[in-house]
Every structure is written in C-alpha cells, then in structure tokens.
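Work through the following exercises with the sequence and the model at hand. Each task is followed by a solution in steps.

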Amino acid sequence: MKTFTKTIFILLLGVLSAQAQNKISGLITESNAPLEYANVILYNQSSKEVVTGTISDKQGVYAFNSVKNGTYYIEVSMLGFKTKTSKAFTLTADKFFDFELQEEAESLNEVVVKSKRPVIRQTAEKLIVDLENSEMLNSNLQDVMKRVPGIIVSNNGISYAGQSNIRILINGKTTDYMDMNTLLRDMPADNIAKVEMIEQPGAEFDAAGSGPILNIILKKNVKLGTHGTIVGWVGEDEGVEYGTSASIGSYINKLNWQASAGYSSPTWREDLFIKRTVEDATYDQATIEPYNPQSLRASASLDYYITDEHSIGVGVRNITTDSDRNSKSSNIITTANTTDYLLSQNSFNRDQTVFNVNPYYEYKTETQKLTADFNFVDYTNDNINTISSLEGSTVPYTNQRYLQDGEYQIKTYKIDYSKQFTEDFKLSLGSKYADVDTDSDLMSFSEDTNGEFVFDEDASNRFLVEENIFAVYSKLNITSGDWSFSGGLRFEDSNTKGTSSTTNESRERKISKLFPSASVSKKLNENLSANVAYSYRISRPSYSTLNSFVTYYDPLSSDVGNENLKPSFTNNYQFNLTFDGQPFFTIAYNGTKDAMFQYISQNTETAEISRTTINLTEKENWNFRLFGPLSFIKGVDGFTGFIVNYNKLKSAPDNLNLDKWSLIWFTQASYELPWEINAEISGNYGTGALDGGMDVDWFAGLDLSLGKTFLDDRLKVNFGLNKILNRGFVGKINYNNLNADVESNESRRNVQLRVSYSFGSRYGKQKNRENSSKEEQNRIDDNN
C-alpha cells in the first residue's frame, strides 16, 4: 500500500508542477491614499463565474498567485465607494492593475440586506443547508437539525424520511464513538457552517451505512483579525440545566488559529412502560431513567499557509463525559390469584473520553486540490452499573454488579485529489486506509450473603477486535448543456478478526467488494430540474454487537451480543425534482440484504426479555416526499412538507414479518414580531410508523423559540420552549412469542435561555466598513 500511495503522490506532483504560474497584482487607492480591506474579485470572462478573491492589505496591495492562462476581468468593491470593473484581459504572463475608488454620493442607510433563512439546496446526491450567512438564532446542533427539511428530532434521536439509521460525520470524519444525545444538545450552532444530508454518497465517501449520512461542516476562520464568541445558557428539564462555552480565532498574515472550550450539564428523563403477558401472568413494567451528564470539551486548530497554494495544519479535540445516574424499575406481576412486585434500581457510573488529532497537508489552486491527512481517534469507556433490589419487592433477586471497560483506537490515512480539466469535466480520485483496534472487557459480580460482590467468571468475557480497511476510488463529473453526470467506483477490502480471550476463540471475516454510485441531472426549464441517483452501501456490525456480552438494565431486561452477525448490503435509488435548486418532490427506494435489526425475544420460563441484533431476510423502504416554501404567507419564512413512508421487515427463521405505511407532516417557520423579535416554530405530526420492531401509534412534536439581537448584532438572546407538545412512541411489539404494549417518552417541556456575545474585529475593519460588499465576501469564503 505504501508503494501505491507513493506512486500516486509522485504522479500528482508531476501534474501540479506543469501548471501555469502567472501572477496578477496591483494597488487600491482613494485620493492616492492606500485602501485596506477592499474586496478584489477575479472573474472568468467566458463563464462570468468567480475564479478567486482576496482583500487588499494595509498598503492597499492585492495579489492573485498561480493563475492559469485565460481571459479574465477584475471587480473591486467596498462599502461607501463606487464599484470598479476592469476591462477583459488575456493572461499569458504576470500583469499589474491599479484601481482608484471614489466615494458614493448617495446615503446607504436604507440599504440593509439580511438573510433570515439558511440557504437550502438540493443536488442529486445531497441536501445542503448553508448556515454561514444566516441570521437565524440557532442554539445548538439539535436546533440546526430542525431546519433540515424532512428531519424529525424526537425521543429516539433524529430520523429522516422514516429512517433512523443516520450516520453523523463532522467534517467528513466519524463520530461513531460519541454520545449522540450529548453531541446534539452540546455542539454550539455558531460553529456550524453548513449541514449536508447525503442520501446518495459518492465514491469519495466510505461505503459504510445503509441510511443517509449527515455531514456537519464546521466554520473555518478566514476573516482577518482576532474575534470570538462567549455563550452561556440555563434551562429546566428534569431539573436545572446549564452550560457555557467560549471560542476565539485569529487570521493574521499566513497563520490561522482557533481554540474553543465548553462545559455542559443538561438534564432529561426517559420513561419506558411495557405491559406484556407471560403464559398466565401479566407483567406491567415501568422504568424511569433520569440523565444528567457533565461534559467538558476542548478543541484547537492551527493552519499555516506556506504559499497561496500550499497549507498545513492540525486539529485537536478532546471530549470528556461523566454520567452518574440511578434508573428505577418496577414490575407488577399479576396472576388470577396473586400480585407480586419486583422493584429494582440500576446505578450507573459511566466515564467516556474521546481524543482526536488530525494533521493535514493541502495543495489548492483554482483547478486542482490535493489533500493528505491522518486522523487518530482514541476512545475509552469505563462503566460500572449495579442492579439491586429495592424495599417493597416481593420477588427475591440476587444483586449484580457489572464492570464494562472499553478501549478503541482508530487510525486513518487518507489522500484525495481532484482536477477541473475544463468547466465541464472534473476528475477525483483517492485512497484510504483505516486500522481499528478494540478491547471490550466485561466483568460480572454477584452479591453473596455477606453483602460482598464475588467475581463470576462464567458470566464474564473479554473481546478483542482487529480490523483494517483499504479503499481506493475514482469519480467523474461531466456537464453538457442542460445535462450533468456524476459517476464513481469505490473498492474496499476489509479484514476483521474478533477474539474472545476468555474462551480463546477467534472469528475472521474478509470482504473485498466494489461499490458503484452514479447520478444524472437534467435542467427541464428555467426553474425546474430533475435528477436520478444510485448508490451501493455496506453496513458492518458494530464492534460492541459482535461480542458475546449480556448487559442487564434491570432484573428482567438485557442486551445480548451476537458474534455471528453478517454485514448487510443496500441498493439505494432516488429521483428528485427541484425548483430553483431547492427540494420539491422526491421518490426513494432502498432494499437491504441481511439488514441488521434489534430483535426482542421473551423467555417464557424466566419471564426475561432480551434484545439482540440479528440479520433480516428482507428489508425494504419506499418514501415519497413533497416540500414547499411558506413564503406565500405574508411575513412568514420557512418550509413545510409531507413524507409518505413504507417499511417492510422480514426474518423467516425468527417468525418476524412486519410492514406499514405512514404519513409524516413537518414544518419550520419564522416570523418577525414587533421590536425585531424573531419567532420560530417547528412542528411535526405522524399517523404512525414502524420504528424498529415497534408498531408506533400517532406521534407529534412542537417547539417554539424567540430571539433578538442587540449591540449591532454582537449580542444574541434566545429563549426556547421545547417539547411544548411531545407525544412520544406509543405502540405494540407483536412478533414471535412476544405481545407487548410499549410507551417510550422523554420528560415533558424544556425551557432554555441562551445568550451569546461576539467580540473582536470583524474583517479587521472599522464599523463603517465592516460589511463592505458582503456578497463578494461570501463568495470569497464560500469554499471553506
């Protein structure tokens, strides 16, 4: 593999060295005095598209380096001055252009342009929600998710178009070892530039996962000067919750650095009610589980621009979460003649630490981009839980204690290259190697008559997993008139070995497979476009599900590992109609072979219910989506839509055969109240759904927030009323020998007040020049 990577690297450097190295530079002045922070944009004469942009320095000097031969023109602008545009010129050697700007005679007090809504765009492969220049008062990642058309934020996390198997990436990198609830609640929205909902991942993405990929792109400081944000919030859910964070960044000359730190202590509660029959007895179970995790996070990044084309950098992130809680469970066991009580509590003490470091090198011109990076993730999870009987219990139970320690290390090496040969033809290729080592250790103890916990060797196990994945890919993007095509092929070779150190047994799995993806788009008229897309995916079993552990939550319910799990393969098909580039109508289908499913079974002798992951014989999903803006309502900005969804699940050996149609309505709208207070409302309603193996009844949710800015938009205040209406999952589990009524709910109503203050320079300008030609600045920053 090293020889292959070295060969590719040498070839790429050969291509890079053959490019033109012309330079365009000049001086921007006003009455012979240099003008700092003027926006200078270089346009392609034939396409009228932006090639690149820059800002003049303190001496009024600007420069574009390494510009290839071609025909261009330059536009110079600055708030308070008349925009100047050069004549078209042909570039074959270095050129110099000076500009002298004149002040505008007219007052600009009434020219106020604000983008209240994030920009939403639909392509054949993904739905993009661009937050970079939106003035929405988002609080955290969970708030941002509500602004993605079709996403439903509920008790069980997030789902999209009836699918909950969503992978979340940050800057294209895995978050598989992070607590998703904490990530959604704790990641500040101010750090997020855009969100990509990738339903048809191209060859550049890992083939892993059967559902959509949610890629969160973080902001990168490219604004001159030093600036930052301080955030504080307080709320009430299952008790008082609070948190604070601060970030600071600076871009001076060639050095770009950022640092952030935060602490959060949210609270919430999850309730689970199960009523089931075991032969002639009825079991009525209620589990109340409060959460109050304390998370401390810190991150930093450093970028150094060696030249305009070459840059190096490194990012470091550390997240520590400590969660201590007591879950209480009651089982009322009723027969024709008796009533018994099995009362217990489960005391959890969980410590999680995620450390991540990511150095990189990047070469970038207007037509080429080469990135090489290394990503290291170290994850540790130490968990102690003790299940003990409570006073009032009439059913005897031996108290149990479980020590579950997990260590995971992931090392990933990646190189990506893309070249824009012409405006209509682009080639991308790359390679990736991942090395994963996991060590999961379960130690079980039973309480003896002296009140001491004694080690139970038969119920303990240590499970080790070694996995390496090698991948190469190539991808083409071609445009011809109103048609555009994207096609890619990815090859992945993976080797997985799982070893039980207790039984000294090993299992190995090797998979070598090609994963194609393609999309075709056609512009039908000035507003309407159509596209079709296809992708082939793989879902590998998680390392925790491959071990043979039994994790008890209370005396009668547990999770069981399955070391015989097979990977699953999914074919995804999708058709989109877009209007002005925004989502309008979608039909999607995916079929999965050996889909992984959390199967619940009941032991009629012990009355225990256990959940294990199995491979299904058949899994299908159809969904039909209709989206539309709410701009036809005066003063209202937002969107609404409907999703019709069909799920079918079947497993012949396990007597499982489920299918259901469902309808989901969702909306997200904002309205400006008096005193420039922005009101936002998010709501959803579903007629029912098939959530895993549970046939869910109707559900609904409603959230409201009020926001206002002060001090020239530096101070933002947001007051949120979440879960005003929150009917969770109420339904039935009815397959095999289990027939149960189930209700799964979170705590009701969350109130939160969040205040953020932005400090420091804005593009390094004085107040009267801080937003000069904002549209051009957006174009300059658009590729970050």
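A salt bridge is a side-chain nitrogen of Lys or Arg within 4 Å of a carboxyl oxygen of Asp or Glu. The structure is a predicted model, in which local features need pLDDT of at least 70 and side-chain atom pairs count only at pLDDT 80 or more, while totals for chains, interfaces and linings use all residues. Residues are numbered from 1 along each chain as its sequence is written, and side-chain values use heavy atoms, with hydrogens and water left out.

**Exercise 1. Salt bridges**

Task: State how many salt bridges the structure holds, and place the pair of Asp493 and Lys510 in the strands.

Solution.
Step 1. The count of salt bridges is 21.
Step 2. Between Asp493 and Lys510 the closest N and O atoms are 3.1 Å apart. Asp493 belongs to strand S31 (residues 483–500) and Lys510 to strand S32 (residues 505–523), so the salt bridge ties together parts 17 residues apart in sequence. Strands (E, at least two residues) and helices (H or I, at least four) are DSSP runs, numbered from the N terminus.
Step 3. Classify burial with these limits: buried is under 20% relative accessible area, exposed is over 50%, and partly exposed is in between (1.4 Å probe, protein chains only). Asp493 has 16% and is buried, whereas Lys510 has 56% and is exposed.

Task: Which strands hold Asp695 and Lys660, and where do Arg727 and Asp697 lie?

Solution.
Step 1. Asp695 and Lys660 form a salt bridge with the closest N and O atoms 2.4 Å apart. This pair links distant parts of the chain, with Asp695 in strand S45 (residues 694–696) and Lys660 in strand S42, 35 residues apart. Asp695 is partly exposed at 37%.
Step 2. Arg727 and Asp697 meet in a salt bridge at 4.0 Å, N to O. Arg727 lies in strand S47 and Asp697 in the loop between S45 and strand S46 (699–710), so parts 30 residues apart in sequence are tied together. Arg727, at 22%, is partly exposed, and Asp697, at 38%, is partly exposed.
Step 3. A network of salt bridges links Asp206, Lys432, Arg490, Glu492 and Arg540.

**Exercise 2. Nonpolar cores and a surface patch**

Task: Name the residues with the most contacts inside the largest nonpolar core, and the strand that gives the most to this core.

Solution.
Step 1. A nonpolar core is a set of buried Ala, Val, Leu, Ile, Met, Phe, Trp, Tyr and Cys residues joined through side-chain atoms within 4.5 Å. The largest has 46 residues, and Met145, Val195, Leu214, Phe597 and Tyr735 have the most contacts inside it.
Step 2. Strand S42 (residues 656–673) gives the most, with four residues.
Step 3. A separate second core has 20 residues, among them Ile24, Leu35, Val51 and Phe81.
Step 4. Contact means heavy atoms within 4.5 Å. Beyond neighbours within four places in sequence, the contacts of Phe597 include Leu616, Leu649, Leu656 and Tyr735.

Task: Find the strand that supplies the largest share of the nonpolar patch on the surface.

Solution.
Step 1. Patches consist of residues with over 30% relative accessible area and no salt bridge; like charges are joined within 9 Å, and nonpolar side chains (Val, Leu, Ile, Met, Phe, Trp, Tyr) within 5 Å.
Step 2. The patch includes Val234, Tyr671, Phe719 and Val755, and its members together have about 780 Å² of accessible area. Accessible areas come from the Shrake-Rupley method with a 1.4 Å probe, and for residues only the protein chains shown count as cover.
Step 3. Strand S20 (239–252), S42 and strand S50 (750–760) each supply at least two residues. The largest share, three residues, is from S50. Val755 lies in S50 and is partly exposed at 33%.

**Exercise 3. Strand pairing and backbone angles**

Task: How many bridges join S22 to S23, and how many join S22 to S49?

Solution.
Step 1. Two strands pair if DSSP finds at least two bridges between them.
Step 2. Strand S22 (residues 268–278) and strand S23 (residues 281–291) run antiparallel, joined by eleven bridges. Glu270 stands opposite Glu289 in S23.
Step 3. S22 and strand S49 (residues 738–746) are antiparallel as well, with seven bridges. Leu272 has Ser744 in S49 as its bridge partner.
Step 4. Two residues separate the strands in the hairpin of S22 and S23, where Glu279 takes a positive phi near 55 degrees.
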